[in-house]
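Work through the exercises below with the model open. Each one sets a task and then solves it in steps.

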Amino acid sequence: ACPPAPARYAPPMCNLYALTAGQAAIRELAGAMADAAGNLPSQPAIYPDASAAIIRTGAEGRLLARARWGLPSPAFALEGKSADRGITNVRNTASPHWRRWLGPAHRCLVPFTAFSEYGPGPDGRKQPMWFALGPDQPLAFFAGLWCSWQGTRKASEGPISTDLFAFLTCPPNAEVAAIHPKAMPVILTTPAEWTLWLEAPWAEAATLQRPLSDGALQLVPAPA
């Protein structure tokens, strides 16, 4: 079953995904030429601010690395706050705040095997409902952005220097809309899409910010 969310985490929608594929499988699927991620454990429940895998372009080509989930927040969202907990999802790519990270140097692939949105369970109460590309929860990628950052994530930790990431969202396809009608992650499933996202000018890469086709996702048990 899905582990309980951290006490500080109570979102209106479920910012939660899983990556249970092995490290070698991630490198192979992405065509990563280098690995700076250290030992990646299986992560059946990845919450905001967790350290997780990303694929980005490095000096030797595609690089498997780690970053913390949540890009820097816009200035207006930080008024009166001493820490920036980050923004996990990017929808409005026309915003000047996000524009600085839309070039290929700041694009990444975020590997996942399942993701969730809150929906009604058998007892009528909302709970994480998990989606994947198949019953075996195969590996795929979200279209992500990343950056290096200095600041305070939480007061107890103090100032840090780290890499951050988030992934794009778009209108939902039929399966997700039945649970969460507002949005779904941008999911990339083919090598051509991965290359387009990592390398193309923004005008071309932006065409990938669209829902997965209806019928491409199915509800699955909570990752273990």
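**Exercise 1. Place Gly 58 in the chain and state its exposure.**

Step 1. Gly 58 belongs to strand β4, residues 51-58. Strands here are DSSP runs of E with at least two residues, numbered from the N terminus. The model is predicted: local features need pLDDT of at least 70, side-chain atom pairs count only at pLDDT 80 or more, and totals for chains, interfaces and linings use all residues. Residues are numbered from 1 along each chain as its sequence is written, and side-chain values use heavy atoms, with hydrogens and water left out.

Step 2. The relative accessible area of Gly 58 is 22%, so the residue is partly exposed. Buried means under 20%, exposed over 50%, and partly exposed lies in between, with a 1.4 Å probe and protein chains only.

Step 3. Take the C-alpha atoms of Gly 58 and Cys 108. They are 11 Å apart, with the two positions 50 residues apart along the chain.

**Exercise 2. Give the strand order of the open sheet and find its edges.**

Step 1. The order is β3-β1-β8-β9-β14, five strands with antiparallel pairing. Two strands pair if DSSP finds at least two bridges between them.

Step 2. β3 (43-46) and β14 (218-220) each have a single partner strand, so they stand at the edges and one side of each lacks a neighbour in the sheet.

Step 3. On average, neighbouring strands of this sheet are turned by 40° against each other, direction ignored. The axes are lines fitted to C-alpha atoms; angles in general run from 0 to 180 degrees between N-to-C directions.

Step 4. Now list contacts inside the sheet. β1 and β3 are antiparallel over two bridges, and Leu 19 stands opposite Gln 43 in β3. β1 and β8 are antiparallel over three bridges, with Tyr 17 opposite Phe 115 in β8. β8 (residues 114-120) and β9 (residues 126-132) share six antiparallel bridges. Ser 116 has Trp 130 in β9 as its bridge partner.

Step 5. Check the side chains of β1 (residues 16-19). Leu 16 and Ala 18 point one way, Tyr 17 and Leu 19 the other, and all are buried.

**Exercise 3. Which strands pair with β11, and in which sense?**

Step 1. Start with burial. In β11 (residues 159-170), 10 of the 12 residues are buried, so the strand is largely enclosed by the rest of the structure.

Step 2. Tabulate the partners.

| Partner | Sense | Bridges | Example |
|---|---|---|---|
| β5 (residues 61-69) | parallel | two | Trp 69 opposite Phe 165 |
| β6 (residues 89-90) | parallel | two | Val 90 with Leu 168 |
| β10 (residues 140-152) | antiparallel | nine | Ser 148 opposite Asp 163 |
| β12 (residues 184-185) | antiparallel | two | Thr 169 opposite Pro 185 |

Step 3. Look at the connection from β10 to β11. They form a hairpin with six residues between them, and Gly 158 in the turn has a positive phi of about 80°.

**Exercise 4. Describe the nonpolar cores.**

Step 1. Fix the term. A nonpolar core is a set of buried Ala, Val, Leu, Ile, Met, Phe, Trp, Tyr and Cys residues joined through side-chain atoms within 4.5 Å.

Step 2. The largest core has 59 residues; Tyr 17, Leu 71, Phe 115, Phe 165 and Trp 197 touch the most other members. β10 gives the most to this core, with eight residues.

Step 3. Another core lies apart from it, with eight residues, including Tyr 47, Trp 130, Ala 132 and Val 220.

**Exercise 5. Which non-glycine residues here have a positive phi, and are they buried or exposed?**

Step 1. Recall the background. Most residues other than glycine have a negative phi.

Step 2. Asp 49 has a positive phi of about 75°. Asp 49 sits in the loop between β3 and β4. This residue is buried, at a relative accessible area of 9%.

Step 3. Gln 137 has a positive phi of about 50°. The loop between β9 and β10 holds Gln 137. Gln 137 is buried as well, at 13%.

Note on methods. Helix = DSSP H or I, 4+ residues; strand = E, 2+ residues; numbered from the N terminus.
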